[in-house]
Amino acid sequence: MEKEPLYRKVNTRTRGVNHKNEPSYAQQRHSKALAAKEHQRGSMHSGKRLGLDYTPLFRFLLSRVGQPWDPVFSEAKSRLDRQEPIFWQVALHEHQQQDYVRLGHCAFYSGLYVDAQGLLQKVNPDLHAATMSPDCPCCTHTLNGVPFGLAYER
Ligand SMILES: [Zn+2]
């Protein structure tokens, strides 16, 4: 049985992310500077380049946390058009490890890495949607598909 691909085609004309008010980060508190950087990087790695959405890949990788990486990697590769999106979420090197990565602006996913035993793990297993707040007032932000628990703070 052929498994479904871990990406899907999107209609970029209707799926584009438009913020009602893109905040001016220059006017925000220092603590927001990092969020601004993340915001930009999130846009760059939007995951919707070429009209492809890699949400199914990120969900697949999350569902394999705690399992041996090699077979997970082999299966992911076999179900993708290219390998690169795997490494948006899975850090190859320690300095690349991130608590979370973003697909587009609002969809956050736990950052992953491969531990010394060769198992796929979350970089920060204590990261929870319930204690996260969005960095804009107009979009529903999620972590691993779960809406953030805290309100937007200006
Ligand atoms: Zn927004």
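So, to kick off: among contacts in the chain between residues at least 6 apart in sequence, what percentage join residues at least 24 apart? The figure is 58%. Keep that in mind while we walk through the fold, and keep in mind too that this is a predicted model.

Confidence before anything else. The chain averages a pLDDT of 83, and 73% of the residues score at least 70. There are two stretches I'd like to flag. Over residues 22–34 the pLDDT is below 50, and the model gives that stretch four contacts beyond near neighbours in sequence. Residues 38–49 also stay under 50, but there the model has 18 contacts beyond four places in sequence.

Okay, the layout. We have 154 residues, of which 21% count as buried. The secondary structure comes to five helices and nine strands. If you read along the sequence, you get β-α-α-β-α-α-α-β-β-β-β-β-β-β.

Now the sheets. One of them is an open sheet of four strands, ordered β4-β5-β8-β9, with mixed pairing. Its edge strands are β4, residues 100–103, and β9, residues 146–147, and each of these pairs on one side only. Inside that sheet, β5 (107–110) and β8 (142–143) run parallel and are joined by two bridges. If you want a spot to click on, Ala107 has Thr142 in β8 as its bridge partner.

The other sheet I want to show is open as well, with three strands in the order β3-β6-β7, and the pairing is again mixed. Here β3 (90–91) and β7 (120–122) sit at the edges with a single partner strand each, so one side of each has no neighbour in the sheet. β3 pairs with β6, residues 112–114, in the parallel sense over two bridges. Look for Val90, which stands opposite Leu112 in β6.

On to the helices, and α4 is a nice one to look at. It covers residues 69–78, and its buried residues are Trp69, Val72 and Ala76. Looking down the axis of α4, those buried residues fall within an arc of 65°, so they line one face of the helix. What's on the face turned away from that buried side? You find the exposed residues Asp70, Pro71, Ser74, Lys77 and Ser78. And what covers the buried residues of α4? The cover includes α3 (55–63), α5 (86–89), β6 and β7.

That brings us to α3. This helix lies across β4 and β5, running at about 30° to β5. It also matters for the next bit, the largest nonpolar core. That core has 20 residues, and the ones touching the most other members are Leu57, Phe58, Leu61, Ala76 and Tyr109. Which elements give two or more residues to this core? They are α3, α4, β4 and β5. The largest share, four residues, comes from α3.

Let me zoom in on Tyr109 for a second. Leaving aside neighbours within four places in sequence, Tyr109 is in contact with Phe58, Leu62, Gln89, Tyr100, Val101, Leu103 and Asn144.

Last part: two loop residues. Arg64 is in the loop between α3 and α4. Is Arg64 buried, exposed or partly exposed? With 18 other C-beta atoms within 10 Å, Arg64 is partly exposed. Its contacts, again skipping neighbours within four places in sequence, are Val72 and Leu120. You may remember Val72 as one of the buried residues of α4. Arg64 and Leu119 are 55 residues apart along the chain, yet their C-alpha atoms are separated by 9.3 Å.

The second one is Gln97, in the loop between β3 and β4. Gln97 counts as partly exposed too, with 16 C-beta neighbours inside 10 Å. Not counting residues up to four places away in sequence, Gln97 touches Ala91, Gly111, Tyr113 and Val123. For Tyr113, the separation from Gln97 is 16 residues in sequence and 6.9 Å in space, C-alpha to C-alpha.

That's my tour. If you open the model afterwards, start at α3, which gives the largest share of that core, and then go over to Tyr109, one of the residues that touch the most other core members.

Notes: Residues numbered from 1 in each chain as written. Predicted model: local features only at pLDDT ≥ 70, side-chain atom pairs only at ≥ 80, totals over all residues. Pairing = 2+ DSSP bridges. Buried ≥ 20, exposed ≤ 12 C-beta atoms within 10 Å, placed from the backbone. Arc of directions from axis to C-beta. Contact = placed C-beta atoms within 7 Å. pLDDT = per-residue confidence, 0-100. Axes fitted to C-alpha atoms, helices over the stretch in contact; angles between N-to-C directions. Core = buried A, V, L, I, M, F, W, Y, C linked by C-beta atoms within 7 Å.
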